[in-house]
Amino acid sequence: MSTADLVGTTQAGTASAAHIEQTERHAAHNYHPLPIVLASGDGAWVTDVEGRRYLDCLAGYSALNFGHRLPRLIERAREQLDRLTLTSRAFYNDQLGPFAQALAELTGKDQVLPMNSGAEAVETAIKVSRKWGYLVKGVEPGKARIVTMRGNFHGRTTTIIGFSDDEVATDDYGPFTPGFVSVPYGDVRAVADVLDDTVVAVLFEPVQGEGGVVLPPPGFLRDLRVLCTERNVLMVADEIQSGLARTGRTFACDHENVVPDIYVLGKALGGGLYPVSAIAADDDVLGTVRPGTHGSTFGGNPLAAAIGHEVVQMLKTGEFQERARVLGERLASRLGALVGQGVLAVRVRGLWAGVDIDPALMTGREVCEELMERGILAKDTHGSTVRFAPPLVATEADVDLLVSALEDVVVTRLHRSRR
Ligand SMILES: *Cc1c(COP(=O)(O)O)cnc(C)c1O
């Protein structure tokens, strides 16, 4: 791919072009970024190397729920940078205890196990579920199985992609880890059909973010909770993208007043500053973990714990959840008006929307390129779906701006295609 292709349709200046060329030459091509080079960010807005400003409607795939460089988070991180950053878990540090207690309280669980990336937290949930299966449930050694859902996204490790049905993510990476069985998303009957004495857990996303903000049918979370309890199977909610205020509640499971056995958290837990992930569960589950059986050099380090603790304290007040709810209602009603005008369907939960563009009109990628020219950054997924998840510190005017820009992009194209 030449730099000209990468820069594509935009008016990228020479400063951008040089950065893009350098990156493409020396960094592996495992992403296909929009041709924009960002240099700074503040709240819901970012600025590129040419000095142009954009509303960030991707928000680091929800890692930036609190926006870019929230002063309170920067201050806490800076304070900790001046004291202690890394100890390894070979020693105690004075930040992990307060963070662990606060996160346990936020989730209503007894314990947490801190890691770094989301994928590591998912791997941790898988390992702990299996451990629980053998030690507590009494599954025959080596036989444990975990139920997963079609259309899932849980990360990029070899075990995790093994239960993905996205060929782009899996091609030429096998062989994969056995012990997983996949069912259609949101189908509790299908889950029930595959349950037997070997199943230790059901791993699912309460909203499938990478899948295009796909919502399960109403009642799914509640029914799955009942089924898992009845059949002595762990309900493992991957709330890495859906959790921590994005949907208008602390956790997406809260929408049906459901408490899973294991919460899997990441992304916004690091405040957009630092990779921080964790799982949270009760003693009967996390108590199966013994010294030496699992770990991470960076997991639970004092800098991560300080940032994570500040994030949890911010979530305790409920103000970010409320912002997501209020802005989300506005986003839903404005986007809903576009259905039938080049937009086939819109799914919204909190300040999080998946918009299906008519593929006959334009691709999701084209929509994102044209939005970029109008000062809005968003990301397409699965061909013709565009995802919008602005930071929760965005304003009503920001939400209006994003919908007007999208309307302008699709309506302009509609008129052109009718001519
Ligand atoms: C992003 C994401 C992950 C993986 O997190 P990484 O930090 O990229 O490893 C896992 N599950 C869900 C639902 C996600 O959105």
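Which residues line the largest cavity? In this predicted model, the lining is made up of Ala125, Ile126, Ser129, Ile146, Ala201, Val202, Leu203 and Val236. Two elements each give two or more residues to that lining, namely helix H6 (118–137) and strand E7 (199–204). As for chemical character, the lining residues split into 7 nonpolar and 1 polar, with no charged ones. The space inside this largest cavity comes to about 30 Å³. A search through the whole structure turns up 1 cavity of 30 Å³ or more.

Now for the ligand. Around the ligand sit Ser117, Gly118, Ala119, Phe153, His154, Gly155, Glu205, Asp238, Ile240, Gln241 and Lys267. Sorted by type, this shell holds 3 nonpolar, 5 polar and 3 charged residues. Charged residues thus turn up in the shell around the ligand, whereas the lining of the largest cavity has none.

Some of these neighbours meet the ligand through their backbone. In Gly118, a backbone N or O atom lies 2.8 Å from a ligand oxygen atom. Ala119 also takes part, with a polar backbone atom 2.8 Å from an oxygen atom of the ligand. For Phe153, the partner on the ligand is a nitrogen atom, and a backbone N or O atom of Phe153 lies 3.4 Å away from that nitrogen. How much of the ligand's accessible area does the protein cover? On its own, the ligand has 380 Å² of accessible area, and the protein covers 80% of that.

Definitions and conventions. Residues numbered from 1 in each chain as written. Predicted model: local features only at pLDDT ≥ 70, side-chain atom pairs only at ≥ 80, totals over all residues. Heavy atoms only, no water. Near = heavy atom within 4 Å. Polar contact = N/O pair within 3.5 Å; in protein donor to acceptor, adjacent residues only side chain to side chain. Areas by Shrake-Rupley, 256 points an atom, 1.4 Å probe, with all protein chains shown as cover. Nonpolar A, V, L, I, M, F, W, Y, C, P; charged D, E, K, R; others polar. 1 Å grid on protein atoms, 1.4 Å probe; cavity = no way out; pocket = protein on both sides within 12 Å on 5 of 7 lines; lining within 4 Å. Points joined across faces, edges and corners; volume = space filled by probe spheres on them. Helix = DSSP H or I, 4+ residues; strand = E, 2+ residues; numbered from the N terminus.
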